[in-house]
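Work through the exercises below with the model in view. Try each task before reading its solution.

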Amino acid sequence: MGKHSRPGPPNQPSRAVPSMDADDRLAAYNKRRRPPLDVHRRHRPLHGGGGHLRPEEPRALEEWNGFSYEPAGTAANLAEAVRWVNEQTSGDESAA
């Protein structure tokens with residue numbers, strides 16, 4: 001593997017950034033509106049540091065609004081924050 005090779009099979013396109021539609025006039029605009037790495041929800045420790053450190057401390061929850069991340073609440077610990085990040089946002093939350 002060369003110095004600038006991307007990881008993964010050489011016969012597949014990169015999955016890091018979805019390809020743009022050449023016929024869509026707003027493709028460049030829509031590309032800028034995508035969250036970094038298509039992560040729409042994320043959590044951060046309230047007191048700084050790595051996200052995996054001190055799992056019992058509270059977390060700030062952030063959600064992508066189309067332009068930047070905005071505060072969406074807090075979680076008491078890492079487990080609750082991960083649950084919030086992974087929960088369904090498509091509207092079919094009726095199954096319990």
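**Exercise 1. Find the order of helices and strands along the sequence.**

Solution. Read along the sequence, the pattern is α-β-β-β-α. That gives two helices and three strands. Both are DSSP runs, numbered from the N terminus: helices are H or I with at least four residues, strands are E with at least two. The model is predicted: local features need pLDDT of at least 70, side-chain atom pairs count only at pLDDT 80 or more, and totals for chains, interfaces and linings use all residues. Residues are numbered from 1 along each chain as its sequence is written, and side-chain values use heavy atoms, with hydrogens and water left out.

**Exercise 2. Trace the salt bridges of Arg41 and Arg42.**

Solution. Start with the rule: a side-chain nitrogen of Lys or Arg lies within 4 Å of a carboxyl oxygen of Asp or Glu. The count by this rule is four salt bridges.

- Step 1. Arg41 bridges to Glu63, with the closest N and O atoms 3.0 Å apart. Arg41 belongs to strand β1 (residues 41-45) and Glu63 to strand β2 (residues 59-64), 22 residues apart.
- Step 2. Arg42 and Glu62 meet at 2.5 Å, N to O. This pair also links strand β1 to strand β2, 20 residues apart.
- Step 3. Extend the first pair: Arg41, Glu63 and Glu87 are linked in a network of salt bridges.

**Exercise 3. Decide whether Arg41, Glu63, Arg42 and Glu62 are buried or partly exposed.**

Solution. Apply the cut-offs: buried is under 20% relative accessible area, exposed is over 50%, partly exposed is in between (1.4 Å probe, protein chains only). Arg41 has 13%, so Arg41 is buried. Glu63 has 28%, so Glu63 is partly exposed. Arg42, at 24%, is partly exposed. Glu62, at 19%, is buried. Of the 96 residues of the protein, 17% count as buried.

**Exercise 4. Classify the aromatic pair of Trp64 and Tyr69.**

Solution. Two values describe such a pair: the distance of the centres and the angle of the planes. Rings of Phe, Tyr and Trp (its six-membered ring) pair if their centres lie within 6.5 Å; planes under 30 degrees apart are stacked, over 60 edge-to-face, the rest tilted. The structure holds one aromatic pair. The centres of Trp64 and Tyr69 are 5.0 Å apart and the planes are at 70°, so the pair is edge-to-face. Trp64, at 17% relative accessibility, is buried. Tyr69, at 18%, is buried.
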